[in-house]
Amino acid sequence: MGHRHTKEEILSGAVDAAFADGLSQLTYGRVAKRLGINDRTVVYYFPSKDDILLSFVEDELQTLTDRMKEIEKQDLGAMPKLRQMLFVKNYINCIFGIKM
């Protein structure tokens, strides 16, 4: 019996495929081929392309939220914290086009 891929591994493979080939070229078949699995496995975890995108955005925003909380807890002065938080804010603006 082969390796059973997790939802996280499949999402990672889908993100890699989207970055490599472009979002318009993202298909279940390309993701499956990249991971060496059947495309039905991809569909099981992500019934639509929108589900893949939404999972990616949710994961990224959670990571960034966690990072902001870490910055807040650091024993730094106000200006170094502000610089780090502005960096995260600018990252969100660039990647997601979300104005904060």
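**Figure 1. Helix α2 and the glycine that follows it.** Gly-36, whose phi is positive, near 70°, comes after helix α2, helices here being DSSP runs of H or I of at least four residues, and strands E runs of at least two, numbered from the N terminus. The model is predicted, so that local features are given only at pLDDT of at least 70 and side-chain atom pairs count only at pLDDT 80 or more, whereas totals for chains, interfaces and linings use all residues. Residues are numbered from 1 along each chain as its sequence is written, and side-chain values use heavy atoms, with hydrogens and water left out.

**Figure 2. The buried face of helix α2.** Within α2, which spans residues 28–35, Val-31, Ala-32 and Leu-35 are buried (buried means under 20% relative accessible area, exposed over 50%, and partly exposed in between, with a 1.4 Å probe and protein chains only). Viewed down the axis of α2, these buried residues fall within an arc of 95°, and they therefore line one face of the helix; the arc is that of the directions from the helix axis to the C-beta atoms. In general, an α-helix has 3.6 residues a turn, so residues three or four places apart point the same way. The buried residues of α2 pack against two other helices, α1 (7–21) and α3 (39–45), where a contact means heavy atoms within 4.5 Å.

**Figure 3. Leu-26 in the loop before helix α2.** Leu-26 is found in the loop that runs between α1 and α2, and with a relative accessible area of 8% this residue is buried. When neighbours within four places in sequence are left aside, Leu-26 is in contact with Ala-14, Ala-17 and Ala-18, with Val-31, and with Lys-49 and Ile-52. Val-31 is also one of the buried residues of α2. From Leu-26 to Leu-53 the distance is 11 Å, C-alpha to C-alpha, for a separation of 27 residues in sequence.

**Figure 4. Ser-55 and Phe-56 in helix α4.** Ser-55 lies in helix α4, which covers residues 49–73, and Phe-56 is found in α4 as well. Ser-55 is buried, at a relative accessible area of 14%, whereas Phe-56, at 21%, is partly exposed. Apart from its neighbours within four places in sequence, Ser-55 is in contact with Lys-7, Leu-11 and Phe-46. The C-alpha atom of Phe-56 is separated by 18 Å from that of Lys-89, which is 33 residues away along the chain.

**Figure 5. Lys-81 and Leu-82 in helix α5.** Leu-82 lies in helix α5, made up of residues 78–96, and Lys-81 is found in that helix too. Leu-82 counts as partly exposed, with 41% relative accessibility, and its C-alpha atom is 40 Å from that of Leu-35, although 47 residues part the two in sequence. Lys-81, with neighbours within four places in sequence left aside, is in contact with Ile-71, Glu-72, Gln-74 and Leu-76. The C-alpha atoms of Lys-81 and Asn-93 are 18 Å apart in space, with their positions 12 residues apart in sequence.

**Figure 6. The whole chain as the setting of the close-up views.** The chain has 5 helices and 0 strands, and from the N terminus on its elements run α-α-α-α-α. Its radius of gyration is 17 Å, well over the 13 Å that the globule rule gives for 100 residues, so the chain is more spread out than a compact globule; this radius is taken over C-alpha atoms, and the rule is 2.2 Å times the number of residues to the power 0.38. Along the principal axes, the C-alpha atoms fill a box of roughly 55 × 30 × 20 Å. Of the 100 residues, 23% count as buried, and among contacts with a separation of 6 or more, residues 24 or more positions apart account for 42%.
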